[in-house]
2 protein chains.
Amino acid sequence: MPICFSAFTWPDNALSACLFCPPMNAPASLPAFTRRPVSAELREALQQRFGARCHTAQAMREQHGVDESIFSVEPPDVVVFAQSTAEVAEVVTLAAQHKVPVIPFGAGSSLEGHLLAVEGGISLDVSGMNAILAVNTEDLTVTVQPGVTREQLNREIRHQGLFFPIDPGADATIGGMCATRASGTNAVRYGTMRENVLALEVVTASGEVIRTGTRAKKSSAGYDLTRLMVGSEGTLGVMTEITLKVYPLPEAVSAATCMFEDISDAVRAVMDIIQMGVPIARCELLDTASVRFVNAYSQLGLPEKTMLLMEFHGSPAGVQEQAETVQAITDEHQGSAFAWANTPEERTRLWTARHTSYFAAVQSRPGCKCITTDTCVPISRLADSLLACIADAEAARIPHFLLGHVGDGNFHMGYLVDPNDAAECALAEQLSDKLVQRAIEMGGTCTGEHGVGLHKMRFLPQECGEGALDMMRAIKQALDPHRIMNPGKIFA
Amino acid sequence: MPICFSAFTWPDNALSACLFCPPMNAPASLPAFTRRPVSAELREALQQRFGARCHTAQAMREQHGVDESIFSVEPPDVVVFAQSTAEVAEVVTLAAQHKVPVIPFGAGSSLEGHLLAVEGGISLDVSGMNAILAVNTEDLTVTVQPGVTREQLNREIRHQGLFFPIDPGADATIGGMCATRASGTNAVRYGTMRENVLALEVVTASGEVIRTGTRAKKSSAGYDLTRLMVGSEGTLGVMTEITLKVYPLPEAVSAATCMFEDISDAVRAVMDIIQMGVPIARCELLDTASVRFVNAYSQLGLPEKTMLLMEFHGSPAGVQEQAETVQAITDEHQGSAFAWANTPEERTRLWTARHTSYFAAVQSRPGCKCITTDTCVPISRLADSLLACIADAEAARIPHFLLGHVGDGNFHMGYLVDPNDAAECALAEQLSDKLVQRAIEMGGTCTGEHGVGLHKMRFLPQECGEGALDMMRAIKQALDPHRIMNPGKIFA
């Protein structure tokens, strides 16, 4: 397993300071995690109850103690594969009795270190809980288990004329997407998981099963527990059923690419599109490097310039009207004539390339790791924010690429670092810190969609303020007094 | 002040059982509230600090201990008019030191008893905090103080080409609308306060000032404190600044009325409109009684039949396309040809009539009080739910009317009762209980937009389950250990 920061290997059960980061934002500000190992008694109880679905072999533990983040593996003591809400409740109840951590695990595609067992404990794999429990076509809702992936869901509801729009790059599980309040390319029109989860079944930190919300479209019945759970990164309970809004497949869909010589023109075109209130369904930016990477990875043959990749949904006339409005705006900003992808196959090819762009970028530099940013700023500050971070990366001469959901003010800068080059890693983190600092000063956030995990934790005091963080801690303490639910994530 | 239930007058500082309601849902399940009077020392401290803005006269106290609900006045001990966040923090800090209740007060338009000082204490009137602090036209956001009303906001941003869509019937304050998670006629397209609040400044129960969220359109930075506060009915803190999404005024707007001989046809037309995914901006139903009331109150001269009142927003071509689709659907359900309101003046006249329909109904029976329901069900159950409650009301021969945001599955049944006729009041509550029971069994909620307050509290155990209610109580206990923030509301 490649190691980015040698100091991030928790050699003696404590997270040491990173030697390479600037002191103000150094992971040194993370606490020294103390492992709470699973006792022989608990391990035996789990093995007796779950048999072949309870694993203690190193390979399985390591696979469950790592994700797509820069961090090295930190394995749990035990991995249990649950198959039902009742089983999840049993595992959490046992963990609560023994006061050991439980880390819910889905597809393992976190980018921020959510899945590392920094205090040891049980990785609770819910990927096998992958049933679609109900499709209410008339109400445009579905209820699914947490291990259903976004692609699986869309495959299974497509023939009923429905789709679920939230699409992080990876084929993440719906449970993981709830946990990180994920979004993706369609959020500019359809919102994020925040707007698209109607209700949840949750196993609380004491092992009790509760329901939050109903299938009604709106409600004023008490505290919004649904949205408290969405984005809580597994730190308040385990989601075991998720009721989502889904949407009728649009009557007409067209995707278009528009090329720009200068990235600043592309960004300013996006700002105009959003400020005009065009109901664009997708509005993605790929810088020249990203286009080059996806060309190489997906054999697309796109002109290697800055690209806007857009999609329009609606009636045939509505799609045409939107496209004409947007083409007029991009024309004003020196964009090329649109190249259209009108067939489902052409569109799938383009969007698959977009979704694999992160992996295309990582493949471009063999052996590299990617340090990814995830800031989101008010749209009026998009150009200022985005252009400044590109200038910084170019001045620092570090391999980088930029892509993102620019219609939301959200973009990802990826620094492609040699994990064995400590100076390069440190430089990338410095650039990332500067980028985040700037976004927060502009009224933005350090994370638009990936979550906090371990990696963004150091930015929360500045972004949220200590008062709001104390309120989060008070909620955590009230709902999980023994700190068993994914401890060490979001805040110390 | 008219009294609906004689037993609701808290004669000796305790809320007694209502004699007239069926035992299973009786307000007897409410706890016996104990007043925590403001001490002479605290009263003097408030008077010294706030001078003429601190009131103890009975008239002012009574005005602040009542709202538009069926409940009789329960006055606070002191009323303080705050003018700034710092002043709110001072009042809450003093209240926390003395462990006496604080009840935030805006326009006083709650329908559910939120403003009654059931445990005494301080009514904190923020209606004077009515500044619009920022209009960020490019980002489509505004930041306002809590005392700004929805009509004031729309007046002040209209000339910048913007509007704020959430419109409860009353000219409520934005603070009150946040507190109850309000919605209104535009929610079918634009969402509710849940979807339209980006960030808050809140004075916590200890008097600390915190911020939740940023102006970024989306974020995954920790627990969603914004949405925890939205809908918390003043029980977790006092909102002192609110950042909202606003929208560009649509290029084209058309309103239309469509009449039906039979209400079931109207309801089934609405279900088809929603299930077709038409992006209709407003889709309101008024039964024949409601149309008669608004005719009398607003001199509209509408045909006295069941009416759908709809509005379409978009480009001129888009509006026309939507209207044609909807007209085709209503035709299939025996609706009349649309009558159009195309000028702003005509539309304002219709929507003002819709917004005053509650008052029009109450005026139709001099001396009456209105017991209002607020259920919201999945759209597939709208006809079942709505037609059954009309049948019940007709069988019971109680004066009633029905109107609502049927595009959301949300409607209001109003029972117009003689407050001095105990049997009639009891009958109305019985009908309301049956209606709510049915909605919950259909996967719906007891309150789509009015909040719980005192009046809907008895339904929460069935709707949410004791586990979820316990989680709400744990959060309340963690954030307000001395129960000073609007105690006695939502849950006991």
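This passage describes aromatic pairs, charge-over-ring contacts and one strand in a predicted model.

A pair of aromatic rings is described by the distance of the centres and the angle of the planes. Over all chains, 16 aromatic pairs are counted. One of them joins B:Phe293 and B:Phe401, whose ring centres lie 6.0 Å apart. The planes of B:Phe293 and B:Phe401 stand at 80°, so this pair is classed as edge-to-face, the cut-off for that class being over 60 degrees. The two residues belong to distant parts of the chain: B:Phe293 is in helix 10 (residues 288–298) of chain B and B:Phe401 in strand 17 (residues 400–405) of chain B, with the two positions 108 residues apart. Both B:Phe293 and B:Phe401 are buried.

A further edge-to-face pair is formed by B:Phe338 and B:Trp340, with 5.6 Å from centre to centre and 65° between the planes. The members of this pair fall into separate accessibility classes. B:Phe338 has a relative accessible area of 9% and is therefore buried, since the limit for that class is under 20%. For B:Trp340 the relative accessible area is 39%, so this residue is partly exposed. In chain A, one aromatic cluster is made up of A:Phe163, A:Tyr190 and A:Tyr247.

Charged side chains also meet aromatic rings in chain B. The charged end of B:Arg49 sits over the ring of B:Phe50, at 4.6 Å from the ring centre. Likewise, B:Arg282 places its charged end over the ring of B:Trp351, and the corresponding value is 3.9 Å from the centre.

In chain A, strand 12 (residues 252–260) is mostly covered, with 9 of its 9 residues buried. The residues of strand 12 point in two directions. A:Ala252, A:Ser254, A:Ala256, A:Cys258 and A:Phe260 point one way, while A:Val253, A:Ala255, A:Thr257 and A:Met259 point the other way. Residues on both sides are buried.

Strand 12 of chain A has two strand partners described here. With strand 14 (residues 306–314) of chain A, strand 12 pairs in the antiparallel sense over 9 bridges. Within this pairing, A:Ala252 has A:Gly314 of strand 14 as its bridge partner. Strand 15 (residues 339–341) of chain A also pairs with strand 12 in the antiparallel sense, over 3 bridges. Here the bridge partner of A:Ala255 is A:Ala341 of strand 15.

Notes: Residues are numbered from 1 along each chain as its sequence is written. Chains are lettered from A and ligands numbered from 1 in the order in which they are written. This is a predicted model: local features need pLDDT of at least 70, side-chain atom pairs count only at pLDDT 80 or more; totals for chains, interfaces and linings use all residues. Side-chain values use heavy atoms; hydrogens and water are left out. Rings of Phe, Tyr and Trp (its six-membered ring) pair if their centres lie within 6.5 Å; planes under 30 degrees apart count as stacked, over 60 as edge-to-face and the rest as tilted. Helices (H or I, at least four residues) and strands (E, at least two) are DSSP runs, numbered from the N terminus. Buried means under 20% relative accessible area, exposed over 50%, partly exposed in between (1.4 Å probe, protein chains only). A charge sits over a ring if NZ of Lys or CZ of Arg is within 6 Å of the ring centre and within 35 degrees of the ring normal. Two strands pair if DSSP finds at least two bridges between them.
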